[in-house]
Amino acid sequence: MSPYRFRHIRHIDAALTDAPWPYALDHRDAIAAAWSAARTANPALFDGEVLLVAESRTAGDRFEALYRPVRFSQFLHYMRHGEPDGRTRNGFALAGLTSADGALLMGVMGGHTANAGKVYFPGGTPDLSDVVDGRVDLDGSAHRELAEETGIEAEEVSFEPGFWMAEDDKRCIFVKTVRSPLTADALRLTVLDRLSRQREPELAGIHVVRSAQDLLPDRMPPFQLAYAEWWLAGGGR
C-alpha cells in the first residue's frame with residue numbers, strides 16, 4: 001500500500017529564512033565531489049539557487065513553512081544521499097494537467113535534465129522567481145512551470161483552488177488540479193506542437209494516463225505513481 005495520503009490544502013503561508021543550512025556546511029566536500037561527477041555526466045546541469053523547506057507545519061487545511069535558498073548542488077546531494085532530519089524537505093508544486101475526458105497528462109523529462117526519462121506532472125522545486133512580497137508563491141510556481149514546460153498558458157485552462165498535498169520524509173508534494181477543455185489526444189498534440197517550437201524544451205514527450213495500464217512504476221516517482229493511482233480510484237473528483 002502506498003505511504004502517500006492526499007489531503008486538500010486551501011491556505012499556504014511560506015516565508016523565507018536566511019539561517020545557514022547545517023547539512024550544506026557539514027557535507028561541503030562530498031557535495032562538491034558529487035556535483036563534479038554529475039556535471040561530467042550531464043554538462044547541462046546548472047548550479048543555481050532553489051528554495052528548500054527548512055521547517056513546516058500542517059494544521060487542518062493550512063500549510064505553514066520557512067524556506068531557505070540553497071545551491072542546486074546542495075539540494076541534489078541531500079535528496080539523493082542525505083539522511084532525513086525531520087525538517088528539511090523539498091516543498092514543490094506540480095500542475096496536475098487533466099483533460100476534458102478525465103485523463104492525466106505528464107511530461108517525459110528530457111535527457112539534459114537532472115531527472116532524464118522520468119515521467120511526472122509539470123512542476124519543480126521553487127526558486128527565487130517564485131517569491132512574491134517575501135512569500136513563496138506555490139500557486140504561481142504551478143502556473144509558471146506549466147507554461148514553461150508545456151507552453152500551455154493560464155487562460156487556456158482552469159486552476160482549481162488549493163492543492164492536493166502529500167508528504168514523505170524528504171518531500172511536501174502539492175498538486176494543483178489543472179483542467180483543460182481539450183480531450184487527452186488533442187491536448188497531447190497541442191503540447192507536442194508547442195514543445196517543437198521551443199529552443200531547448202525541458203520535456204522530451206507527453207505521457208497520457210487513462211487507466212492503470214498506463215502507469216509506469218519504473219519511470220514515475222513514487223509520489224507521482226501514488227497520485228495517479230489515487231486519481232484513477234476516484235480521488236480528487
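# A walk through the fold, starting at Thr 177

Start by selecting Thr 177: its relative accessibility is 2%, so it counts as buried, since anything under 20% does. Keep in mind as you click around that this is a predicted model.

**Stop 1: Thr 177 and its surroundings**

Colour strand S13, residues 171–179, and you'll find Thr 177 within that stretch. Now show what Thr 177 touches, skipping residues up to four places away in sequence: Gly 96, Thr 98, Ser 158, Phe 159, Glu 160, Trp 164 and Tyr 227. Hang on to Tyr 227, because that residue leads to the next stop: it is one of the buried residues of helix H6.

**Stop 2: helix H6**

Select residues 222–232 to get H6. Which residues of H6 are buried? Phe 223, Gln 224, Leu 225, Ala 226, Tyr 227, Ala 228 and Trp 231 are. Next, bring up the strands that these buried residues pack against: S5, S6 (104–109), S7 (119–120), S12 (163–167) and S13. So you have just met S13 again, the strand that holds Thr 177.

Step just past the end of H6 and click on Gly 234, where phi is positive, at about 105 degrees.

**Stop 3: Tyr 120**

From H6, hop over to strand S7 and select Tyr 120, which sits in that strand. Buried or exposed? Tyr 120 is buried, with a relative accessible area of 10%. Show its contacts, leaving aside neighbours within four places in sequence, and you should see Leu 94, Met 106, Gly 107, Met 109, Asn 115, Pro 221 and Gln 224. Gln 224 is on the list of buried H6 residues from the last stop.

For a distance check, draw a line from the C-alpha of Tyr 120 to that of Ala 142: the two are 22 residues apart in sequence and 13 Å apart in space.

**Stop 4: the largest pocket**

Tyr 120 is also a good way into the largest pocket, which holds about 1,000 Å³ of space. The lining has 37 residues, and those closest to the pocket centre are Phe 72, Ala 114, Asn 115, Tyr 120 and Thr 125. Select those five and centre the view on them.

Then colour the elements that give two or more residues to the lining: strand S3 (49–59), helix H3 (72–81), strand S5 (90–98), strand S8 (123–124), helix H4 (138–150) and H6. Which element gives the most? H3 does, with five residues. If you colour the lining by class, expect 18 nonpolar, eight polar and 11 charged residues.

**Stop 5: the second largest pocket**

The second largest pocket has a volume of about 190 Å³. To find its centre, select Trp 21, Pro 22, Asp 85, Arg 87 and Thr 88, the closest of the 13 lining residues. Helix H1 (22–26) and S3 are the elements that give two or more residues here, and S3 is familiar from the lining of the largest pocket. By class, this second lining has five nonpolar, three polar and five charged residues.

**Stop 6: out to the loops**

Now for two exposed spots. Select Asp 133, in the loop between strand S9 (131–132) and strand S10 (135–136). Its relative accessibility is 78%, so Asp 133 counts as exposed. Check the backbone too: phi of Asp 133 is near 50 degrees, a positive value in a residue other than glycine. Most residues other than glycine have a negative phi.

Go on to Pro 181, in the loop between S13 and helix H5 (184–197). Pro 181 also counts as exposed, at 64% relative accessibility. Apart from residues up to four places away in sequence, Pro 181 touches Ala 100 and Glu 156. Try one more line, from the C-alpha of Pro 181 to that of Asp 61: these residues are 120 apart along the chain and separated by 28 Å.

**Last stop: zoom out**

Show the whole chain as a cartoon and you'll have six helices and 14 strands in view. The radius of gyration is 17 Å, close to the 18 Å that the globule rule gives for 237 residues, so the chain is as compact as a globular protein of that length. Along the principal axes, the C-alpha atoms fill a box of roughly 50 × 45 × 40 Å.

Colour by burial and 49% of the 237 residues come up as buried. Of the contacts with a separation of 6 or more, 69% are between residues 24 or more positions apart. Finally, switch on the surface: the accessible area comes to about 11,300 Å², with 50% belonging to carbon and sulfur atoms.

Key:
Residues are numbered from 1 along each chain as its sequence is written. This is a predicted model: local features need pLDDT of at least 70, side-chain atom pairs count only at pLDDT 80 or more; totals for chains, interfaces and linings use all residues. Side-chain values use heavy atoms; hydrogens and water are left out. On a 1 Å grid over the protein atoms alone, a cavity is a set of points where a 1.4 Å probe fits but cannot get out, and a pocket is an open set with protein on both sides within 12 Å along at least five of seven lines; lining residues have an atom within 4 Å of a point. Grid points are joined across faces, edges and corners, and a volume is the space filled by probe spheres set on the points. Helices (H or I, at least four residues) and strands (E, at least two) are DSSP runs, numbered from the N terminus. Ala, Val, Leu, Ile, Met, Phe, Trp, Tyr, Cys and Pro count as nonpolar, Asp, Glu, Lys and Arg as charged, and the others, Gly among them, as polar. The radius of gyration is taken over C-alpha atoms; the globule rule is 2.2 Å times the number of residues to the power 0.38. Buried means under 20% relative accessible area, exposed over 50%, partly exposed in between (1.4 Å probe, protein chains only). Contact means heavy atoms within 4.5 Å. Accessible areas come from the Shrake-Rupley method with a 1.4 Å probe; for residues, only the protein chains shown count as cover.
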